[in-house]
Amino acid sequence: MIWDELKRPFLILAPMEGVTDVIFRQVVAKAGRPDLFFTEFTNVSSYASEKGRANALERLEIAPSDAPIIAQIWGKEPAHFAETVKALKSLGFAGVDLNFGCPDKNVNKTGGGAAMIKTPELAVECFRNACKNTDLPVSVKTRLGWSQIDEYKEWLPVLLNEHPAALTVHLRTKKEMSKVPAHYELIPEIIKLRDELSPKTKLIINGDIKDKEHALELYKKYPEVDGFMIGRGVFQNPYCFTGYIPTKGELMDLLFLHLDLYEEYSKTHKVSFEPLKHFFKIYINGFPGASDLRARLMDTHSIKEARDVLR
Ligand SMILES: Cc1cc2nc3c(=O)[nH]c(=O)nc-3n(C[C@H](O)[C@H](O)[C@H](O)COP(=O)(O)O)c2cc1C
């Protein structure tokens with residue numbers, strides 16, 4: 001079972017929709033991989049529908065350098081969770097994670113993501129349906145609550161009583177989005193809940209963790225935490241899982257790799273160039289002339305043009 005194989009404290013690249021796709025994960029693997037990858041979230045109702053399945057499967061594509069990797073899924077139909085998890089093992093995943101924390105309005109409107117915090121019985125039904133239909137370990141990623149921090153005192157026990165293989169807590173409420181600092185002060189209370197209710201559940205802390213060094217600092221303070229998940233830290237430094245500070249040349253090399261991987265992927269998949277531009281600031285950052293170069297890159301319309309500007 002993957003969660004037992006990871007050496008503590010383990011580091012995970014957070015699932016990030018539109019960011020941690022199969023291409024960017026390969027770039028991060030080249031820079032220095034985390035102990036575990038997660039996919040972006042995939043909607044179970046898409047997978048369960050004839051029209052949506054191809055797109056869902058595309059989101060669940062993985063590269064050899066991804067392993068071990070967890071598939072993250074979301075939705076609100078227990079039967080669709082059941083149907084989706086059945087496919088994941090043969091697709092190469094080491095586990096499945098249920099997203100009960102996404103604050104996106106469109107996701108919450110459907111009852112999925114963080115809206116699950118308000119329907120704990122449904123959340124439990126989805127979780128149980130997932131467990132019943134796969135022998136992969138099932139984990140959960142969530143937030144402290146919907147609008148009040150104190151909600152964690154009731155919500156996390158609901159989850160822990162189901163004994164998930166792992167529980168990732170993003171230390172904010174849905175209402176807080178990412179606008180306030182993560183509530184690290186609650187870590188001891190959360191450890192206590194885990195120890196009392198489900199001691200075998202791996203506890204993963206998420207929110208504002210910049211890099212490996214920061215994670216190790218937190219681990220020193222809270223050695224009962226099993227793992228740390230880093231999201232936006234990878235934008236500041238794609239080498240954040242190694243502690244290495246890259247040179248400008250190394251960042252450029254990563255950008256060229258990103259472009260190469262994207263070009264290869266575009267031969268077999270329908271993609272558009274525009275979303276690729278979101279990534280440029282990760283690589284072109286923090287050196288004299290970076291913002292001018294970025295501005296020129298933002299005016300490009302193809303891989304070829306981007307490469308020409310970079311050269
Ligand atoms: C662009 C973006 C997309 C995200 N997509 C997902 C997602 O698909 N699934 C998920 O569980 N969380 C998602 N998140 C939340 C992150 O996984 C993480 O919980 C959050 O960014 C806090 O961690 P950080 O402070 O290290 O970034 C996303 C965050 C960002 C910034």
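Against which elements do the buried residues of α8 pack? In this predicted model, the buried residues of α8 pack against β4 (95-100), α7 (120-132), β5, β6 and α9. The briefing below then turns to the ligand, the pockets, selected residues and the backbone. Among the residues closest to the ligand are Asn206 and Asp208, and both are described further under their own topics.

**Helix α8**

- Helix α8 covers residues 152-160, and its buried residues are Tyr152, Trp155, Leu156, Pro157, Leu159 and Leu160.
- The partners of these buried residues include two strands that also contribute to the largest pocket: β5 and β6 are packed against by α8, and each gives two or more residues to the lining of that pocket.

**Surroundings of the ligand**

- The ligand is surrounded by 15 residues, and the closest of them are Glu17, Gln72, Asn206, Asp208 and Arg232.
- A polar side-chain atom of Gln72 is placed 2.8 Å from a nitrogen atom of the ligand.
- The backbone also approaches the ligand at Pro15, where a polar backbone atom is 2.8 Å from an oxygen atom of the ligand.
- At Phe41, a backbone N or O atom lies 3.3 Å from an oxygen atom of the ligand.

**The largest pocket**

- The largest pocket has a volume of about 770 Å³.
- Its lining consists of 29 residues, of which Pro15, Met16, Arg143, Ser178 and Arg232 are the closest to the centre.
- Two or more lining residues come from each of β5 (138-145), β6 (166-173) and α11 (233-236).
- The element that gives the most to this lining is β5, with three residues.
- By residue class, the lining of the largest pocket comprises 11 nonpolar, 10 polar and eight charged residues.
- Two residues link this pocket with the ligand: Arg232 is among the closest to the pocket centre and is also one of the closest to the ligand, while Pro15 is likewise among the closest to the pocket centre and has a backbone atom 2.8 Å from a ligand oxygen atom.

**The second largest pocket**

- The second largest pocket holds about 470 Å³ of space.
- Of the 20 residues that line the second largest pocket, Gly18, Asp21, Glu40, Tyr265 and Val271 lie nearest its centre.
- At least two lining residues are supplied by each of the helices α2 (22-32), α4 (53-59) and α12 (248-266).
- The lining of the second largest pocket is made up of eight nonpolar, four polar and eight charged residues.

**Buried residues Asn206 and His258**

- Asn206 belongs to strand β7, which spans residues 202-206.
- Asn206 counts as buried because its relative accessible area is 8%, and the cut-off for buried is under 20%.
- Beyond its neighbours within four places in sequence, Asn206 is in contact with Lys141, Thr168, Val169, His170, Leu171 and Met229.
- His258 is part of helix α12, one of the elements that supply residues to the lining of the second largest pocket.
- With a relative accessible area of 2%, His258 is buried.
- Residues up to four places away in sequence aside, His258 touches Ile23, Phe24, Val27, Leu276, Phe279 and Tyr283.

**The loop between β6 and α9**

- Lys179 lies in the loop between β6 and α9 (187-197).
- Lys179 is classed as exposed because its relative accessible area is 71%, whereas exposed requires over 50%.
- The C-alpha atoms of Lys179 and Val140 are 22 Å apart in space, and the two residues are 39 apart in sequence.
- Met177 is found in the loop between β6 and α9 and is partly exposed, with a relative accessible area of 29%.
- Met177 is a residue other than glycine with a positive phi, near 50 degrees.

**Further backbone features**

- Asp208 also has a positive phi, near 65 degrees, although it is not glycine.
- The loop between β7 and α10 (212-221) holds Asp208, which counts as partly exposed at 31% relative accessibility.
- Arg8 and Pro9 are joined by a cis peptide bond, with omega at about -10 degrees.
- Pro9 is located in the loop between α1 (2-5) and β1 (10-13).
- A cis peptide bond also runs from Ala67 to Pro68, with omega near 0 degrees.
- Pro68 is located in the loop between α4 and β3 (69-74).

Note on methods: Residues numbered from 1 in each chain as written. Predicted model: local features only at pLDDT ≥ 70, side-chain atom pairs only at ≥ 80, totals over all residues. Heavy atoms only, no water. Helix = DSSP H or I, 4+ residues; strand = E, 2+ residues; numbered from the N terminus. Buried < 20%, exposed > 50% of the residue type's maximum accessible area, 1.4 Å probe, protein only. Contact = heavy atoms within 4.5 Å. 1 Å grid on protein atoms, 1.4 Å probe; cavity = no way out; pocket = protein on both sides within 12 Å on 5 of 7 lines; lining within 4 Å. Points joined across faces, edges and corners; volume = space filled by probe spheres on them. Nonpolar A, V, L, I, M, F, W, Y, C, P; charged D, E, K, R; others polar. Near = heavy atom within 4 Å. Polar contact = N/O pair within 3.5 Å; in protein donor to acceptor, adjacent residues only side chain to side chain.
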